[in-house]
Amino acid sequence: MTHIGHPDQLVGVVTAMREWASREGLEWDMTVVDGVEHWACRTETYKTDPRVEPDMSRWEIELAFRLAD
């Protein structure tokens, strides 16, 4: 998923992504141990160079979460 906006908005974006996966019957490659999530692979790639675009509300951020096999 690609998000264009301030990084502070990522909590809502991740929540929406997880809700979508649940509706689709998809499972993440993640386990929960003692209430702590352990992800096999979950990345946030900040594609915008802050030296070029200092306005964080215009940043491009790519989210990639691995699905379970």
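Is Leu67 buried, partly exposed or exposed, and what is its relative accessible area? Leu67 is partly exposed, with a relative accessible area of 36%. The legends below describe close-up views of a predicted model.

**View 1. Leu67 and the nonpolar surface patch to which Leu67 belongs.**
Leu67 lies in the segment that follows strand β5, which spans residues 60-65. Together with Trp20 and Leu26, Leu67 makes a nonpolar patch on the surface, with an area of about 250 Å². The relative accessible area of Leu67, 36%, places this residue in the partly exposed class, because that class lies between the limits of 20% and 50%.

**View 2. The largest nonpolar core of the predicted model, with ten residues.**
The ten members of this core are Leu10, Val13, Val14, Met17, Ala21, Trp28, Trp39, Ile61, Leu63 and Phe65. Helix α1, which covers residues 10-23, and strand β5 each contribute at least two residues to the core, and the largest share, five residues, is supplied by α1. One of the core residues, Val13, is in contact with Met1, His3 and Leu63 when its neighbours within four places in sequence are left aside; Leu63 is itself listed among the members of the core.

**View 3. The hairpin formed by strands β2 and β3.**
Strand β2 (30-33) and strand β3 (36-39) lie on either side of the loop in which Gly35 is found, and the two strands pair in the antiparallel sense over four bridges. Within this pairing, Val32 stands opposite Glu37 of β3. Two residues separate the strands of the hairpin. Asp34, which is found in the loop between β2 and β3, has a positive phi of about 50° although this residue is not a glycine. With a relative accessible area of 79%, Asp34 is exposed, and Gly35, at 70% relative accessibility, also counts as exposed. From C-alpha to C-alpha, Gly35 and Met1 are 26 Å apart in space, while 34 residues separate them in sequence.

**View 4. A salt bridge between Arg18 and Glu37.**
Side chains of opposite charge can pair when their charged atoms come close. The side chains of Arg18 and Glu37 meet in such a salt bridge, with a distance of 2.8 Å from N to O. This pair links distant parts of the chain, since Arg18 belongs to helix α1 and Glu37 to strand β3, 19 residues apart. Both partners are partly exposed: Arg18 has a relative accessibility of 26%, and Glu37 has a relative accessibility of 34%. A search of the whole structure finds six salt bridges.

**View 5. A salt bridge between Glu62 and Lys47.**
In this pair, the closest N and O atoms of Glu62 and Lys47 are 3.8 Å apart. Distant parts of the chain are again linked, with Glu62 in strand β5 and Lys47 in the loop between β4 and β5, 15 residues apart. Glu62 is partly exposed, with a relative accessible area of 30%, and Lys47 is also partly exposed, with a value of 49%. The value for Lys47 remains in the partly exposed class because a residue counts as exposed only over 50%.

**View 6. Charged residues Arg51 and Asp49, joined by a salt bridge, and Glu53 in the loop between β4 and β5.**
The closest N and O atoms of Arg51 and Asp49 are 2.8 Å apart in their salt bridge. Arg51 is exposed, with a relative accessible area of 73%, whereas Asp49 is partly exposed, with a relative accessible area of 28%. Glu53 is placed in the loop between strand β4, residues 42-46, and strand β5. At 18% relative accessibility, Glu53 counts as buried, because buried means under 20% relative accessible area. When residues up to four places away in sequence are not counted, Glu53 touches Thr48, Arg58 and Trp59.

**View 7. A network of salt bridges that links three residues.**
The residues linked in this network are Asp29, Arg66 and Asp69.

Methods. Residues numbered from 1 in each chain as written. Predicted model: local features only at pLDDT ≥ 70, side-chain atom pairs only at ≥ 80, totals over all residues. Heavy atoms only, no water. Patch = residues over 30% accessible without salt bridge, like charges linked within 9 Å, V, L, I, M, F, W, Y side chains within 5 Å. Areas by Shrake-Rupley, 256 points an atom, 1.4 Å probe, with all protein chains shown as cover. Salt bridge = Lys/Arg side-chain N within 4 Å of Asp/Glu carboxyl O. Buried < 20%, exposed > 50% of the residue type's maximum accessible area, 1.4 Å probe, protein only. Contact = heavy atoms within 4.5 Å. Core = buried A, V, L, I, M, F, W, Y, C linked by side-chain atoms within 4.5 Å. Pairing = 2+ DSSP bridges.
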